Structures are given as structure tokens and as C-alpha cells.
Amino acid sequence: MTVIKINAITVPSDSGDELAKRFAARAGAVDDRPGFEGFELLKPTDDRTTWLVVTRWSDEESFQSWVNSPAFGHGHRSESERSGGPAPAHVGVSSELWSYETAGGTAR
């Protein structure tokens with residue numbers, strides 16, 4: 001059964017573009033992980049400042065395997081950090097990890 005992990009990241013209203021830029025810089029980094037099914041970065045279209053990072057996994061074990069892997073830590077470091085430079089300032093002011101599984105819906 002597919003599990004869905006949503007990282008709800010709250011950013012200052014003027015920092016969303018930087019968040020999107022940072023995610024674009026690491027696009028595809030998780031694509032080859034066993035059990036990974038997909039990723040979306042959702043930008044708010046109203047006055048909210050919480051962006052959603054939605055990933056889908058074949059099972060909880062696949063997600064946990066990725067979170068506990070060296071690739072997870074490497075993927076969450078900036079390009080500067082991976083090159084031995086300093087870490088940039090954090091964009092998010094808070095985040096929460098939400099876990100879901102599909103309970104209904106329709107197929108395309």
C-alpha cells in the first residue's frame with residue numbers, strides 16, 4: 001500500500017522562491033531509491049506561507065530506509081556544504097512531517 005509523507009514547511013512570505021530554487025537544485029536525488037513512487041513541491045496560491053513537500057512510497061519501510069541512509073543527509077545539504085563551504089541560512093521557520101495512506105478516491 002502506498003504511503004504518503006508530507007513535509008509542511010512554513011517560510012517567510014518572501015522566501016518561497018528560495019525554497020523552490022533549493023528543491024530544484026536537488027531534483028531527482030531520491031528518484032532511484034527503492035520504493036520511491038513520486039514527489040511534488042506544492043506552492044500556496046493564497047496568503048498562506050506553508051509549502052508542502054509530498055512524497056509517495058511503496059511502504060513505510062522504504063521511506064524509513066531512505067531517511068536513515070547517507071543519501072538522505074547528503075541530499076539535505078546545500079550545494080555549498082557538499083563542496084566544503086558554509087551552510088546557507090535556513091529558509092523555513094518551521095516544518096512538520098505528516099503521514100498518510102490512501103483511504104479512497106478514483107483512478108484516472
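**Getting to know this predicted model**

The protein has four helices and four strands; helices (H or I, at least four residues) and strands (E, at least two) are DSSP runs, numbered from the N terminus. This is a predicted model, where local features need pLDDT of at least 70, side-chain atom pairs count only at pLDDT 80 or more, and totals for chains, interfaces and linings use all residues. Residues are numbered from 1 along each chain as its sequence is written, and side-chain values use heavy atoms, leaving out hydrogens and water.

Reader: What pattern does the protein follow along the sequence?

Author: Just read along the sequence, taking α for helix and β for strand. The pattern is β-α-β-β-α-α-α-β.

Reader: Which residues of H1 are buried, and why do they line one face?

Author: Buried means under 20% relative accessible area, exposed over 50%, partly exposed in between (1.4 Å probe, protein chains only). Seen down the axis of H1, the buried residues fall within an arc of 60 degrees (taken from the directions from the helix axis to the C-beta atoms), so they line one face. The face turned away carries exposed Asp 17, Lys 21, Ala 24 and Ala 25. The buried ones are Gly 16, Leu 19 and Phe 23.

Reader: What covers the buried residues of H1?

Author: Contact here means heavy atoms within 4.5 Å. The cover includes strands S1 (3-10), S2 (36-42) and S3.

Reader: Which residues make up the largest nonpolar core?

Author: Such a core is a set of buried Ala, Val, Leu, Ile, Met, Phe, Trp, Tyr and Cys residues joined through side-chain atoms within 4.5 Å. Helix H1 (16-25) and strand S3 (50-57) each give two or more residues to this core. Its seven residues are Ile 9, Val 11, Leu 19, Phe 23, Trp 51, Val 53 and Val 91.
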